[in-house]
Every structure is written in structure tokens, then in C-alpha cells.
Amino acid sequence: MDGEERDIGAEMREDVAEAAAEPDFDHLWGIVVDGLIGAVGGLVGTGALTVGLLIAASLGAFQIESFGTLSELTGFNAILPLSPTAVGFVLFLLTGMVMWPLLFASIGAYLPGEKYATKGLPFGFVLWTGFAPAFYEGYTGLALVLYLVLTLGAHFSYGFTLGAVFDYLGDRPETLV
């Protein structure tokens, strides 16, 4: 009888160890942790993207005031008329921290690459295809070339750093489905 109790105890310890080793993606706490990882990744990625945009702005290939368009499109300029550029940048930051990381988490497993950092490069490219025409301010010549190249590089850095944070902080399963 003592042998049977020891076997049951050993089995229970193995079951507990296996349950602790597996990620908790189907429970509320796992979802909250994933959300926090996405927000941190989005913050780091948006920081990298902002540095690229500031470099482009210093070379005359991007206008920071373009963020004011976001506040106008959403109607926040009527609610917060202080600085449309600042309000637009906050909206840009929130989008980079919430919406794009959620999309990346849901489709990242299907993007090319072995790690999320490399999967972030095509993701950044896709985001750039919407950004480039939306923030275009009539650049021509060298300014247009710089605008396209620097904003593309900034979006690559966003996707790469977002994915790198997912790789570093998240123990993500092969697929989320």
C-alpha cells in the first residue's frame, strides 16, 4: 500500500510540473500577460520608429506636424485643442502600443521568419505601405527619396523591435489557433 501512495504522489508531482512548464495562454492571466508583452513591445517599437522619424525630420524629409492630421481625422482636435501635433502623436503611440501589437500577435505565426524579430520585418513593411501615403506632405526630388527610405527603415525598426520584445519576454506557442 505504501508503494501505491508513493506512485500516486510521484504522478501528481509530474502533472504539476508539466502544468507549470506549459504557458497559460487559455486563461485570463495568460491573456493579460500577453497584452502587457504586446504593449511593452509596441512602446519599444514606437520609440524606435519615432527615432527614425526624427532623423527624417532633421533632414527635411518628414514633418512632425503631420501627426496633427491624426487628431483632426479622429475629432480629438475639437476635444483637446491645445496642440493637435501632440494629441496626434499620443494617438500614434497608442496605436503602436495596442492595435499593431494585437495584429502582430494574431498573425505573427504566419509571417515568414523563424523568430518574431525577423517576422516583424515584413510586418513593418506592411504598416509602412499605409503610413507612407497617409503622412506624405508633397515631397519631391531628394526629399521624397529620403522620406520613403527613412520611413521604411523606421518601420523595419518598429517591426524588428516589436518582434524582439515578443521573443525576449514571451514564451509563445507555435500557433495561437
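These notebook entries record what I looked up in a predicted model of a protein.

**Entry 1. Overall make-up**

I began with the secondary structure, and I found seven helices and zero strands in the protein. Read from the N terminus, the order of elements is α-α-α-α-α-α-α. I then looked up burial and noted that 30% of the 177 residues count as buried. For the contacts with a sequence separation of 6 or more, I recorded that 65% are between residues 24 or more positions apart.

**Entry 2. Confidence**

I looked up the mean pLDDT of the protein, which is 85, and noted that 81% of the residues reach 70 or more. Where is confidence lowest, and where is it highest? I found the lowest mean, 54, in helix H1 (residues 2–21), and the highest, 96, in H6.

**Entry 3. Helix H5**

I turned to helix H5, which covers residues 84–107 and has 24 residues. From its first C-alpha to its last, H5 reaches 32 Å, and I noted that this is close to the 34 Å expected at 1.5 Å a residue. I also recorded a kink of about 35° in H5, with its centre on Thr95.

Which residues of H5 are buried? I listed Val87, Gly88, Leu91, Phe92, Gly96, Pro101, Phe104 and Ala105. I then asked what covers the buried residues of H5. The cover includes helix H2 (28–58), helix H3 (68–74), helix H4 (76–79), helix H6 (116–134) and H7.

**Entry 4. Helix H6**

I made the corresponding look-up for H6, which has 19 residues. H6 reaches 27 Å from its first C-alpha to its last, close to the expected 27 Å at 1.5 Å a residue. A kink is present here as well: about 30°, centred on Trp128.

The buried residues that I noted in H6 are Tyr116, Ala117, Lys119, Gly120, Phe123, Gly124, Leu127, Trp128, Phe131 and Ala132. Trp128, on which the kink is centred, is thus listed among the buried residues of H6. What covers these residues includes H2, H5 and H7.

**Entry 5. Aromatic pairs**

I counted 18 aromatic pairs in the structure. I looked up Phe67 and Phe92, whose ring centres are 4.8 Å apart and whose planes stand at 55°, so I entered the pair as tilted. This pair links distant parts of the chain: Phe67 lies in the loop between H2 and H3, Phe92 in helix H5, and 25 residues separate them. I found both Phe67 and Phe92 buried.

I next took the aromatic pair of Tyr116 and Phe166, which is also tilted, at 6.0 Å centre to centre and with 35° between the planes. Here too distant parts of the chain are linked, since Tyr116 is in helix H6 and Phe166 in helix H7, 50 residues apart. Are the two residues buried or exposed? Tyr116 has a relative accessible area of 10% and is buried; Phe166, at 2%, is buried as well.

I also recorded one aromatic cluster, formed by Phe62, Phe67, Phe89, Phe92, Phe131 and Phe135. The cluster includes Phe67 and Phe92, the two residues of the tilted pair described above.

**Entry 6. Three residues of H7**

I looked up His155, which has its place in helix H7. With a relative accessible area of 4%, His155 is buried, because the cut-off for burial is under 20%. What does His155 touch, residues up to four places away in sequence not counted? I noted Leu49, Gly124, Leu127, Trp128 and Phe131. Among these, Gly124, Leu127, Trp128 and Phe131 appear in the list of buried residues of H6.

I then looked up Thr161, also in helix H7, which spans residues 141–169. The side chain of Thr161 reaches the backbone oxygen of Tyr158 at 3.2 Å. Leaving aside neighbours within four places in sequence, I found Thr161 in contact with Val44, Gly45 and Ala48.

The last residue I examined was Val145, again in helix H7. Is Val145 buried or exposed, or does it fall in between? Its relative accessibility is 49%, so Val145 counts as partly exposed, the cut-off for exposed being over 50%. I also noted that Val145 and Ala61 are 84 residues apart in sequence, with their C-alpha atoms 8.3 Å apart in space.

Note on methods: Residues are numbered from 1 along each chain as its sequence is written. This is a predicted model: local features need pLDDT of at least 70, side-chain atom pairs count only at pLDDT 80 or more; totals for chains, interfaces and linings use all residues. Side-chain values use heavy atoms; hydrogens and water are left out. Helices (H or I, at least four residues) and strands (E, at least two) are DSSP runs, numbered from the N terminus. A polar contact is a pair of N or O atoms within 3.5 Å; within protein, one must be able to donate a hydrogen and the other to accept it, and residues adjacent in sequence count only if both atoms are side-chain atoms. Contact means heavy atoms within 4.5 Å. Buried means under 20% relative accessible area, exposed over 50%, partly exposed in between (1.4 Å probe, protein chains only). The expected span of a helix is 1.5 Å times one less than its number of residues. The bend at a residue is the angle between axes fitted to the seven residues ending there and the seven starting there. pLDDT is the predictor's confidence in each residue, from 0 to 100. Rings of Phe, Tyr and Trp (its six-membered ring) pair if their centres lie within 6.5 Å; planes under 30 degrees apart count as stacked, over 60 as edge-to-face and the rest as tilted.
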